[in-house]
Amino acid sequence: PVPAGTLCADTRDLFAAIARWLKLEIDYYNNGDVSKLDQANGMIPEVDARSSLFKQQLGEFEIVYALN
């Protein structure tokens, strides 16, 4: 199983990457700066990889209740 700390850290990194990606998309939309669109498009593989890692880790995450 994946430790909760690892899952939380990777989830935080995923959401940070998504936020950066969307910020670049918004900057392009608002200003028409094509370099922002190029940067945003360049982030797609990172966002996809982090999303895949998150899904994999979430599937392996296990909660064990120690009820005594």
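What follows is a chat between a student and a tutor about a predicted model of one chain.

Student: Let's start with the big picture. How many helices and strands does the chain have?
Tutor: The model is predicted, so keep that in mind as we go. Helix α1 covers residues 4-31, and helix α2 covers residues 34-60. Put as a tally, the chain has 2 helices and 0 strands.

Student: Is the chain spread out or compact by its radius of gyration, and what is that radius?
Tutor: Look at the box around the C-alpha atoms, roughly 60 × 20 × 10 Å along the principal axes. For 68 residues the globule rule gives 11 Å, and the chain comes out well over that, so it is more spread out than a compact globule. The radius of gyration is 16 Å.

Student: What share of the residues is buried?
Tutor: To count as buried, a residue needs a relative accessible area under 20%. The chain as a whole exposes about 5000 Å², with carbon and sulfur atoms supplying 60% of that area. Of the 68 residues, the buried share is 19%.

Student: Which helix gives the most to the largest nonpolar core?
Tutor: That core has 5 residues in all: Ala17, Leu24, Ala40, Met43 and Val47. Both α1 and α2 supply at least two residues each. With 3 residues, the one that gives the most is α2.

Student: Staying with that core, which residues does Leu24 touch, not counting those up to four places away in sequence?
Tutor: Leu24 belongs to the largest nonpolar core, along with Ala40 and Met43. In general, nonpolar side chains tend to be buried together in soluble globular proteins. The contacts of Leu24 are Lys36, Gln39, Ala40 and Met43.

Student: Now for charges. What is the distance between the closest N and O atoms in the salt bridge of Asp27 with Lys23?
Tutor: These two sit 4 residues apart in helix α1, so they are separated by about one helical turn. Asp27 is buried, at 15% relative accessible area, because that is under the 20% cut-off. The closest N and O atoms of the pair are apart by 2.8 Å.

Student: Which residues are linked with Arg50 in a network of salt bridges?
Tutor: Start with the pair Arg50 and Glu46, whose side chains meet in a salt bridge at 3.0 Å, N to O. They are 4 residues apart in helix α2, which means about one helical turn between them. Arg50 is partly exposed at 30%, and Glu46 is partly exposed at 28%. The residues linked with Arg50 in the network are Arg20 and Glu46.

Student: And Asp13 with Arg12: what is the N to O distance in that salt bridge?
Tutor: The structure holds 4 salt bridges, and the side chains of Asp13 and Arg12 make one of them. Arg12 is exposed, at 54% relative accessibility, while Asp13 counts as partly exposed at 28%. The N to O distance for this pair is 3.5 Å.

Student: How about the surface? What is the area of the nonpolar patch made by Tyr28, Tyr29 and Val34?
Tutor: Tyr29 lies in helix α1 and is exposed, with a relative accessible area of 71%. Tyr28 lies in α1 too, and counts as partly exposed at 30%. Together with Val34, they make a nonpolar patch of about 350 Å².

Student: Leaving aside neighbours within four places in sequence, which residues is Tyr28 in contact with?
Tutor: Tyr28 lies in helix α1. Its C-alpha is 9.2 Å from that of Asp38, 10 residues away in sequence. The contacts of Tyr28 are Asp33, Val34, Lys36 and Leu37.

Student: Is Gln57 buried or exposed?
Tutor: Gln57 lies in helix α2. Leaving aside neighbours within four places in sequence, Gln57 is in contact with Val2, Thr6, Leu7 and Asp10. The relative accessible area of Gln57 is 9%, so this residue counts as buried.

Student: Last one: how far apart are the C-alpha atoms of Asn41 and Trp21?
Tutor: Asn41 is found in helix α2 and is partly exposed, at 40% relative accessible area. Trp21 is 20 residues away from Asn41 along the chain. Their C-alpha atoms are separated by 8.2 Å.

Conventions. Residues numbered from 1 in each chain as written. Predicted model: local features only at pLDDT ≥ 70, side-chain atom pairs only at ≥ 80, totals over all residues. Heavy atoms only, no water. Buried < 20%, exposed > 50% of the residue type's maximum accessible area, 1.4 Å probe, protein only. Contact = heavy atoms within 4.5 Å. Patch = residues over 30% accessible without salt bridge, like charges linked within 9 Å, V, L, I, M, F, W, Y side chains within 5 Å. Areas by Shrake-Rupley, 256 points an atom, 1.4 Å probe, with all protein chains shown as cover. Core = buried A, V, L, I, M, F, W, Y, C linked by side-chain atoms within 4.5 Å. Rg over C-alpha atoms; globule rule 2.2 N^0.38 Å.
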